[in-house]
Amino acid sequence: MSVSPARRAAFDTIQRVFEEDAYADRAFPAAVAGLDPRDRALAQRLSYGTIQRVRTLDHGIETLARRPVRKLDPPVRAALRLGAYQLAFSEVAAHAAVNESVELVRAAGLGRAVAFTNAVLRRLALGLRELIDALPGGSPAEAALLHSYPDWVAETWWRELGREEALALMRAQNEPPETVVRRNPRKPGEVEGAPDPEIPNALHVRRVDEEPVGAGLIWPQSLGSQLAGLCVASHEGERVLDLCAAPGGKATQVAGEVTAVEKHAGRARQLEENCVRLGATNVHVVCADALELPPELRDFDRALVDAPCSGLGVLASRPDLRWRGKPLPELQLALLRAAAERVRPGGAIVYSVCTINAEENETIVDALGLAAEPLGQEWPRFAHPRRPEFLLTLPHRHGTSGFFIARLRT
């Protein structure tokens with residue numbers, strides 16, 4: 001029996017993420033090169049779903065196979081995880097999930113493990129869904145196992161949002177993310193999509209077509225991310241500093257004379273290419289450390305600090321991030337302070353992070369000590385539930401990635 005191209009690509013992606021510590025969004029494109037759109041979509045659904053649900057899947061495998069997952073050969077581990085995901089969380093026929101997962105082990109040259117893999121998968125086919133359905137979810141630790149998150153993430157959301165909201169958020173980030181692009185007003189041309197009723201230039205699309213992306217007509221960007229760019233609210237003639245600019249979604253969104261800073265040379269080159277593609281001639285790229293800026297970069301009217309973070313708001317689109325993300329409050333506060341030194345008195349700083357975690361959100365802003373503008377009055381639908389001067393997009397409420405946004409006056 002041959003293995004479908006989609007399952008082969010999913011298997012390769014899963015192995016690279018868990019055995020080589022590769023990022024899913026980098027491993028996946030290489031794995032699906034040459035596949036048609038239908039196979040690409042299936043491969044992404046299977047690989048990303050498996051990576052997201054791996055904690056729950058491993059619990060099921062270990063319970064029913066009575067063998068620690070960590071002691072299995074890597075190809076067997078990846079094949080069992082992929083098969084288990086299909087059996088527990090997809091509508092794929094059980095015989096296809098079992099047989100093709102077994103063939104993946106055989107194709108990996110592990111003939112001695114074929115019988116074991118087949119036996120385990122047949123046990124999973126008979127009992128995995130029932131085992132998962134019986135898992136409790138009444139405490140953070142139980143919910144973390146049921147919905148496949150690290151304990152600390154479940155505990156954070158439980159504490160800050162309450163039980164019901166935390167559970168809804170955990171469920172939402174195990175579903176496929178929205179497919180939204182930003183229409184680039186600098187480039188004329190027809191683009192298909194449904195306009196968003198609140199976010200200007202945002203289009204809801206069935207899938208992201210590479211052709212209009214390559215032509216600079218659109219940029220893949222969630223509603224939450226586009227909202228952060230809109231909150232900069234810059235005008236023509238103003239000078240804007242974007243401290244963490246790559247790959248350039250927000251830098252190419254804002255008006256004014258934009259200085260886009262990127263620390264890593266490769267990402268800075270990518271940022272420049274994206275600016276050219278999108279026709280953002282108002283953006284000047286500087287390859288520099290945001291914490292050690294050249295002295296001439298000063299007296300800006302506005303700054304955007306879209307800081308590195310734990311990424312707890314983008315776990316639907318970044319499946320491996322829940323297993324590697326960590327809070328970065330010291331770096332975030334240092335970046336905000338660096339921005340404050342380079343913005344003129346009376347200027348504005350927008351702080352945005354794609355995470356849902358008070359330690360990286362409102363606590364950072366409070367530590368900086370600048371006055372916050374009432375963004376919740378401008379965008380009431382996205383007002384932070386506890387601090388309405390800030391914005392907090394929530395995947396389970398707003399159907400987009402989770403972003404915290406504050407605008408501060410220097």
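**Figure 1. The largest nonpolar core of the predicted model and its most connected members.** The largest nonpolar core comprises 79 residues, of which Trp 157, Leu 243, Val 305, Tyr 351 and Ile 405 touch the most other members. For Val 305, with residues up to four places away in sequence not counted, the contacts are Leu 243, Leu 335, Leu 336, Ala 339, Ile 349, Val 350, Tyr 351 and Ser 352. A second core, separate from this one, has 44 residues, including Phe 11, Val 17, Val 98 and Val 105.

**Figure 2. The packing of helices α5 and α6.** Helix α5 spans residues 74–89 and helix α6 spans residues 94–107; their axes come within 9 Å and cross at roughly 170 degrees. This crossing angle is over 145 degrees, and the helices are therefore roughly antiparallel to each other. On the α5 side, the contact involves Pro 75, Val 76, Ala 79, Leu 82, Gly 83, Gln 86 and Leu 87. These residues meet Ala 94, Ala 97, Val 98, Ser 101, Leu 104 and Val 105 of α6. By residue class, the contact consists of ten nonpolar, three polar and no charged residues.

**Figure 3. The surroundings of Thr 117 in helix α7.** Thr 117 lies in helix α7, which covers residues 114–133. With a relative accessible area of 0%, Thr 117 is buried. Neighbours within four places in sequence left aside, Thr 117 is in contact with Val 76, Leu 80, Ser 101, Val 102 and Val 105. Among these partners, Val 76 is also a residue of α5 in the contact with α6, to which Ser 101 and Val 105 contribute from the α6 side.

**Figure 4. The packing of helices α4 and α8.** The axes of helix α4 (residues 54–65) and helix α8 (residues 140–147) are 6 Å apart, and the two helices pack at an angle of about 85 degrees. Because this angle falls in the range of 65 to 115 degrees, α4 and α8 are roughly perpendicular to each other. Arg 55, Thr 56 and His 59 of α4 make the contact with Ala 144, Leu 145, Leu 146 and His 147 of α8. Three of the residues in this contact are nonpolar, three are polar and one is charged.

**Figure 5. The environment of Gln 52 in helix α3.** Gln 52 belongs to helix α3, which runs over residues 37–52. Gln 52 is buried, its relative accessible area being 4%. Not counting residues up to four places away in sequence, Gln 52 touches Ser 148, Gln 173, Asn 174, Leu 315, Ala 316, Pro 319, Arg 322 and Trp 323. Pro 385 is 333 residues from Gln 52 along the chain, and the C-alpha atoms of the two are separated by 27 Å.

**Figure 6. Val 181 in strand β1 and its contacts.** Strand β1 consists of residues 180–183 and contains Val 181. The relative accessibility of Val 181 is 0%, and this residue counts as buried. Apart from neighbours within four places in sequence, Val 181 is in contact with Asn 201, Ala 202, Leu 203, Val 205, Val 208, Ile 218, Trp 219, Pro 220, Gln 221 and Gln 226. Leu 217 is 36 residues from Val 181 in sequence, and the C-alpha to C-alpha distance between them is 9.7 Å.

**Figure 7. Backbone features at Pro 247, Ala 233 and Asp 299.** Most residues other than glycine have a negative phi, and most peptide bonds are trans. Ala 246 and Pro 247 are joined by a cis peptide bond, with omega of about 5 degrees. Pro 247 is placed in the loop between β5 (239–242) and β6 (257–262). Ala 233 has a positive phi, near 55 degrees. Its loop lies between α12 (223–232) and β5, and Ala 233 is partly exposed at a relative accessible area of 30%. The phi of Asp 299 is also positive, near 60 degrees. Asp 299 is found in the loop between β7 (283–287) and β8 (300–306); its relative accessibility is 40%, and Asp 299 counts as partly exposed.

**Figure 8. Cysteines Cys 244 and Cys 275 in a structure with zero disulfides.** The structure holds no disulfide. For Cys 244, the nearest cysteine sulfur is that of Cys 309, 10 Å away. Cys 244 counts as buried, at 17% relative accessibility. For Cys 275, which is likewise in no disulfide, the nearest cysteine sulfur belongs to Cys 287 and is 13 Å away. Cys 275 is buried as well, with a relative accessible area of 6%.

Key:
Residues numbered from 1 in each chain as written. Predicted model: local features only at pLDDT ≥ 70, side-chain atom pairs only at ≥ 80, totals over all residues. Heavy atoms only, no water. Disulfide = S-S within 2.5 Å. Buried < 20%, exposed > 50% of the residue type's maximum accessible area, 1.4 Å probe, protein only. Core = buried A, V, L, I, M, F, W, Y, C linked by side-chain atoms within 4.5 Å. Contact = heavy atoms within 4.5 Å. Helix = DSSP H or I, 4+ residues; strand = E, 2+ residues; numbered from the N terminus. Axes fitted to C-alpha atoms, helices over the stretch in contact; angles between N-to-C directions. Parallel < 35°, antiparallel > 145°, perpendicular 65-115°, else oblique. Nonpolar A, V, L, I, M, F, W, Y, C, P; charged D, E, K, R; others polar.
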